[in-house]
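Please look over the sequence and the model shown here, and then read the report that follows with both of them at hand.

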Amino acid sequence: MAHCQQDFNERNQLTLKFKTMWYKTKATELMGIEYPILQGPFGGGLSTPELVASVSNLGGLGGYGAYSISPQEIYEVDKRIKALTGKPYNLNLWVSDTDVPDSGISDARYERSKQLFQPYFEEAGAEFPEKPDFKTRFENQVQVILDVKPKVFSFVFGIPSADILEEARKRGIILVGAATTLDEAFALEKAGVDAIIASGFESGGHRPSFLEKSELSTTGTFVLTQLIREKIPYIPVIAAGGIASGKGIAAAFALGADAVQIGTAFLATEESGALPEHRAALFSDSAKQTILTRAYTGRLGRGISTQLAREVLGKEQDILPFPLQTAFMSPLRKAALAKQKHEMVLFWSGQIAPILKHTKSGELMRALIEETGKFMKE
Ligand SMILES: Cc1cc2nc3c(=O)[nH]c(=O)nc-3n(C[C@H](O)[C@H](O)[C@H](O)COP(=O)(O)O)c2cc1C
């Protein structure tokens, strides 16, 4: 009996201790980090080793989106990150990195896309590129991940094979998968991942669905976080999408999250790879309106709404499959940026952009920690 009472007291004291130390969670223990704040990885050249290191050095988990770079470039990026931080960090890949059929696309299909986008190319004075092609790189990229052994390997748009997951585990790499629906979370649980990202539709960037079409996978962060926490209680859940302040972090924790992943707020800081025009747009009035569009890459992603994106809504059958549409739009992007015709350029952004305040990643990180501490104590 006395034993029971002692156990009870010890448990209570432990609970009390954890309540005051809001930042000690299953996720921080798993990843060996101090604060349960992940900097969302960005593909397409928007991640930088400097941003990763600045977040990791302050006790969070910096993340580098490597899907759009070659295996050799991943080695170089990893070397640079290791030179800037001795703390844990995350390398991120897209498991499915192409929607192009093996036979490529027909000339007729390419002509249809040219017709759809002709008025924009004409207005910007851009030339159509040659018909693009693409071969998957995931298998070669993932070999580099296994080689360089980041503390965390996160992935989107699917689940790597059981063999790859096993090889990663053998090397002590923590595996983090992203779900846009509860069914995707179940699939990740079955594969034995260490943590699940609840990727809500408020998020900036691509919607990384892999079981249903992304248009049919539009659950918000707070619903998805609760569903995953309730149905898969033993795996840490990382809430991602629409979080950019201590209030947002505290709210995600109240709903059962063990950590948060923040993208847009870090993208807006000087340390990211975003163009100055992009950062300015995130702090401007235009960030009030975001849109989910396939117009710029072929896959559904959220950015600041453009006239072009609105005008091609419903005409997706004439948009090239990912990632050919990215290559196709590249000359238009260059020309439109040079002429400051920003109504044609997609600046990636989540819905939360209008509350952003910080232009330096260190200041953002410190503010997030301090604000969250305040809300968790009240
Ligand atoms: C420009 C941009 C690119 C992104 N690229 C990736 C990526 O390559 N891999 C990934 O897992 N998540 C990617 N994300 C998602 C972020 O890592 C993060 O989960 C998301 O931005 C969180 O939502 P928030 O933007 O509302 O903060 C990207 C987000 C943005 C804004």
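In this predicted model, the protein chain carries 42 positive and 44 negative side chains, and the centres of these two sets lie 3 Å apart. The chain exposes about 17200 Å², of which carbon and sulfur atoms supply 52%.

Turning from the surface to the overall form, the protein chain is built with 15 helices and eleven strands, and its C-alpha atoms fill a box of roughly 80 × 45 × 40 Å along the principal axes. A compact globule of 378 residues would have a radius of gyration near 21 Å, and the protein chain agrees with this because its own value is 21 Å. Buried residues make up 54% of the 378 residues, and, among contacts between residues at least 6 apart in sequence, 67% join residues at least 24 apart.

The aromatic rings give a closer view of the interior. The count comes to 15 aromatic pairs, and one of them is formed by Phe121 and Phe328, a tilted pair with 5.3 Å centre to centre and 35 degrees between the planes. This pair links distant parts of the chain, since its two members are 207 residues apart. Both residues are listed below with their helices and accessibilities.

| Residue | Helix | Relative accessibility |
|---|---|---|
| Phe121 | helix 5 (residues 107-124) | 2% |
| Phe328 | helix 14 (residues 324-338) | 0% |

Buried means under 20% relative accessible area, so Phe121, at 2%, counts as buried, and Phe328, at 0%, counts as buried too. Phe121 and Phe328 also belong to one aromatic cluster, together with Tyr110, Phe117, Tyr120 and Phe128.

Note on methods
Residues numbered from 1 in each chain as written. Predicted model: local features only at pLDDT ≥ 70, side-chain atom pairs only at ≥ 80, totals over all residues. Heavy atoms only, no water. Helix = DSSP H or I, 4+ residues; strand = E, 2+ residues; numbered from the N terminus. Rg over C-alpha atoms; globule rule 2.2 N^0.38 Å. Buried < 20%, exposed > 50% of the residue type's maximum accessible area, 1.4 Å probe, protein only. Contact = heavy atoms within 4.5 Å. Areas by Shrake-Rupley, 256 points an atom, 1.4 Å probe, with all protein chains shown as cover. Lys, Arg positive; Asp, Glu negative; His and termini not counted. Charge placed at Lys NZ, Arg CZ, Asp CG, Glu CD. Phe/Tyr/Trp six-rings, centres within 6.5 Å; stacked < 30°, edge-to-face > 60°.
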